[in-house]
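Hello,

Here is the structure we talked about, handed over for your use. My notes on it follow below.

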Amino acid sequence: MPLVRIDIRKHSNPEHIQTLGRVVYSAMREAINVPEHDNFQVLNEHDDDRLVNDPEYLGIQRSNGQVFIQITLNEGRTVEQKKLLYRTIAEGLNGQAGVRMEDVFISLVEVKKENWSFGNGIAQYAE
């Protein structure tokens, strides 16, 4: 059910963004109980002038290695689950992909279950 979008500046290692996607999917499985095979991602690399980030907002010192992650998912997770997800993603990206934790920007977009169609023109989750 989640749709993950990851946006980064172009990286010298073409596998880097794939690693980011794997880490985020694993974190979602662990922290918010996303089921196996429920993995839908849009992975984008951009030229330097196509991503903008404030290097000091909220006192967090960001670099040009900023990773933007937007996850659209069903509403209903607790604040504790969301905090665990943020931490698990940031720690995973740091440990497995060398991304500074300060550079992990995550936004959740919560939607009602009827707002999904996974194919065939059917709202699979509509009650």
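**Helix α1 and what surrounds it**

Helix α1 is largely enclosed by the rest of the structure, because 12 of its 17 residues are buried (under 20% relative accessible area, 1.4 Å probe, protein chains only). This is a predicted model, in which local features need pLDDT of at least 70 and side-chain atom pairs count only at pLDDT 80 or more, while totals for chains, interfaces and linings use all residues. Residues are numbered from 1 along each chain as its sequence is written, and side-chain values use heavy atoms, with hydrogens and water left out.

Helices here are DSSP runs of H or I with at least four residues, and strands are runs of E with at least two, numbered from the N terminus. α1 covers residues 16–32. Among its buried residues are Leu20, Val24 and Met28. The cover over the buried residues of α1 includes β1 (3–9), β2 (40–46), β3 (67–74) and α2 (79–97). Just after α1, Asn33 has a positive phi of about 60°.

The largest nonpolar core (buried Ala, Val, Leu, Ile, Met, Phe, Trp, Tyr and Cys residues joined through side-chain atoms within 4.5 Å) has 26 residues. Leu20, Met28, Ile69, Ile71, Ile89 and Leu93 touch the most other members. α1 gives this core its largest share, nine residues.

Ile71 is in contact (heavy atoms within 4.5 Å) with residues including Val24, Met28, Leu85, Ile89 and Val109, leaving aside neighbours within four places in sequence.

β3 pairs (at least two DSSP bridges) with β4 (residues 104–111) in the parallel sense over eight bridges. Thr72 stands opposite Val109 in β4.

Regards

Technical notes: The expected span of a helix is 1.5 Å times one less than its number of residues. Buried means under 20% relative accessible area, exposed over 50%, partly exposed in between (1.4 Å probe, protein chains only).
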